[in-house]
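Subject: Structure handover

Hello,

Here is the structure I said I would pass on. Please load it first, then read the notes below.

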Amino acid sequence: MISALDLFRIGLGPSSSHTVGPMRIAGRFLQVLEDTGRFEAVERVLVELQGSLAFTGEGHGTPDACLMGLIGFQPETADPDEAHAAALEVRERQRIALLGRREIAFDPATDLVLDFDHVPDLHPNGMALTAFDADGTEIARHEYFSTGGGFFSSRQQLEQPAPDDRVSHGPPVAYPFGSGAQLLEVCAASGLDIASVMLANEAARRPEEETLAGLDAIADAMNQCIDAGLEREGLLPGALKVRRRARAIHQNLISRPQDNQAETLMDWLNLYAMAVNEENASGGRVVTAPTNGAAGIIPSLLRQYCSEGRKAVPSKARRYLLTAAGIGLLYKQRASISGAEMGCQGEVGVACSMAAAGLAAVWGGTPEQVCAAAEIGMEHNLGLTCDPVGGLVQIPCIERNAIASVKAVNAAKLALHAGETPRVSLDQVIETMRQTGLDMSSKYKETSQGGLAINVVAC
């Protein structure tokens with residue numbers, strides 16, 4: 001069972017699979033060398049980015065993320081400005097301090113390779129790291145795969161046969177479930193809602209007060225990201241010269257008389273999502289929810305429906321995040337949340353589904369209605385492609401988060417108004433998403449080789 005605090009991680013933009021994952025992989029590689037007594041012999045490190053990490057790596061900030069990871073920065077704690085400055089210094093000096101203490105020569109032109117020719121066999125986001133000693137002898141070579149949402153696996157882990165029981169991983173939990181149907185059965189048998197089931201399961205990892213504190217920290221980070229996005233102006237990094245819009249929209253909204261018209265509600269939802277994704281596109285601090293490319297959707301609804309002013313209301317925010325996480329882990333376990341595997345349906349689609357479920361719960365929906373909201377949120381994102389223009393997480397990503405935020409609210413409304421059992425179940429739509437992702441051409445799955453990415457001039 002995946003923890004809610006694993007699905008929601010604080011990290012750096014612009015991509016959980018292309019920035020957060022590679023940063024963690026680079027750090028893990030060096031940590032393994034240190035744990036096995038080989039770290040002090042390292043005189044050269046070669047990093048090879050494969051598949052989608054090569055095709056959109058530059059636009060997604062993957063090379064610099066690798067440098068940050070080798071230096072010892074952690075996505076959860078790194079200061080964005082400090083981390084980016086450290087990566088720039090490596091490029092200028094062509095030297096790097098591994099884990100912040102062992103300095104060796106490092107030329108990104110030759111030691112950090114975008115391997116466009118190698119197609120990874122186990123996952124589209126492949127990454128190989130090799131360490132050499134002073135004589136040029138290979139000390140170690142490990143292959144990893146960034147599997148979405150900041151998660152990663154080694155080749156050995158992905159080559160292991162999948163267990164027959166999908167819920168057998170990790171510490172024993174109070175209420176195991178591996179499907180939407182099982183989740184509803186657990187709720188019916190226990191009398192608990194989805195958020196309470198998730199909270200009880202989190203107790204297998206940590207005391208309840210620590211879980212609640214972690215959820216509060218996630219909610220605070222989401223609101224802080226919105227606030228940062230509302231304050232900043234100027235152009236986003238990259239050749240597209242995309243101008244930040246959130247601050248101007250915010251100034252316009254607060255200058256108008258407050259009303260409850262549907263159009264104004266959409267304005268605020270759009271604004272909050274765009275503020276987050278502009279921060280993400282600039283490499284700022286965001287919460288993977290469940291990915292960076294879809295990081296604006298869940299915070300947008302959190303701000304509008306679970307916060308007072310700039311501060312989350314704990315009772316609402318916790319219910320919202322726990323419920324959303326319960327749905328998100330089903331996508332992670334039964335399909336994928338990687339844009340390189342599923343297209344954007346696996347990122348924005350999943351985030352829309354999670355947000356819809358969380359909001360339905362906050363509005364008092366039953367577990368059945370919550371799952372129906374999640375199903376509606378995904379059903380109308382099926383087939384969504386991932387075709388970032390210029391390999392940057394900007395067009396269409398920023399506006400796509402805004403659109404999905406509004407869609408999530410509508411999905412929750414439709415589920416609560418429904419008077420009968422849905423004809424399409426959550427499990428059926430998750431499986432449909434998985435099959436659609438497998439059938440989708442690779443050029444529409446985070447490679448910038450199709451769709452808008454080739455029909456829009458990037459510079």
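**Helix α10**

Helix α10 (residues 194-202) is largely enclosed by the rest of the structure, because 7 of its 9 residues are buried. Bear in mind that this is a predicted model. The buried residues of α10 are I194, A195, V197, M198, L199, N201 and E202. They pack against several other helices: α1 (4-7), α9 (180-190), α11, α15 (314-334) and α18 (367-379).

**N223, in α11**

One of those packing partners, α11, spans residues 208-231 and carries N223. Is N223 buried or exposed? Its relative accessibility is 1%, so N223 counts as buried; the cut-off for that is under 20%. The side chain of N223 has a polar partner: the side chain of S307, at 3.3 Å. S307 also appears in the contact list of N223, once neighbours within four places in sequence are left aside. The rest of that list is L302, R303, R310, K311 and A312.

**A360, in α17**

Next, A360. This residue sits in helix α17, which covers residues 348-362. A360 has 0% relative accessibility and therefore counts as buried. Which residues does A360 touch beyond its neighbours within four places in sequence? They are G365, Q369, V370, A373, A412 and L416. For a distance check, take A360 and V456. They are 96 residues apart in sequence, and their C-alpha atoms are 37 Å apart in space.

**The whole chain**

Now the overall numbers. The chain has 21 helices and 11 strands. Its radius of gyration is 21 Å, and the globule rule gives 23 Å for 459 residues. The two values are close, so the chain is as compact as a globular protein of that length. Along its principal axes, the C-alpha trace spans about 70 × 55 × 45 Å.

Buried residues make up 56% of the 459 in the chain. Take the contacts with a separation of 6 or more: 75% of them join residues 24 or more positions apart.

The chain exposes about 18400 Å². Carbon and sulfur atoms supply 49% of that area. On charges, the count is 38 positive and 56 negative. The mean positions of the two sets are 3 Å apart.

**Where to look**

If time is short, start with three views. Show α10 with its buried residues, including M198 and L199. Then show the N223 to S307 side-chain contact. Finish with A360 and its contacts, among them A412 and L416.

Best wishes

Terms used. Residues numbered from 1 in each chain as written. Predicted model: local features only at pLDDT ≥ 70, side-chain atom pairs only at ≥ 80, totals over all residues. Heavy atoms only, no water. Helix = DSSP H or I, 4+ residues; strand = E, 2+ residues; numbered from the N terminus. Rg over C-alpha atoms; globule rule 2.2 N^0.38 Å. Buried < 20%, exposed > 50% of the residue type's maximum accessible area, 1.4 Å probe, protein only. Contact = heavy atoms within 4.5 Å. Areas by Shrake-Rupley, 256 points an atom, 1.4 Å probe, with all protein chains shown as cover. Lys, Arg positive; Asp, Glu negative; His and termini not counted. Charge placed at Lys NZ, Arg CZ, Asp CG, Glu CD. Polar contact = N/O pair within 3.5 Å; in protein donor to acceptor, adjacent residues only side chain to side chain.
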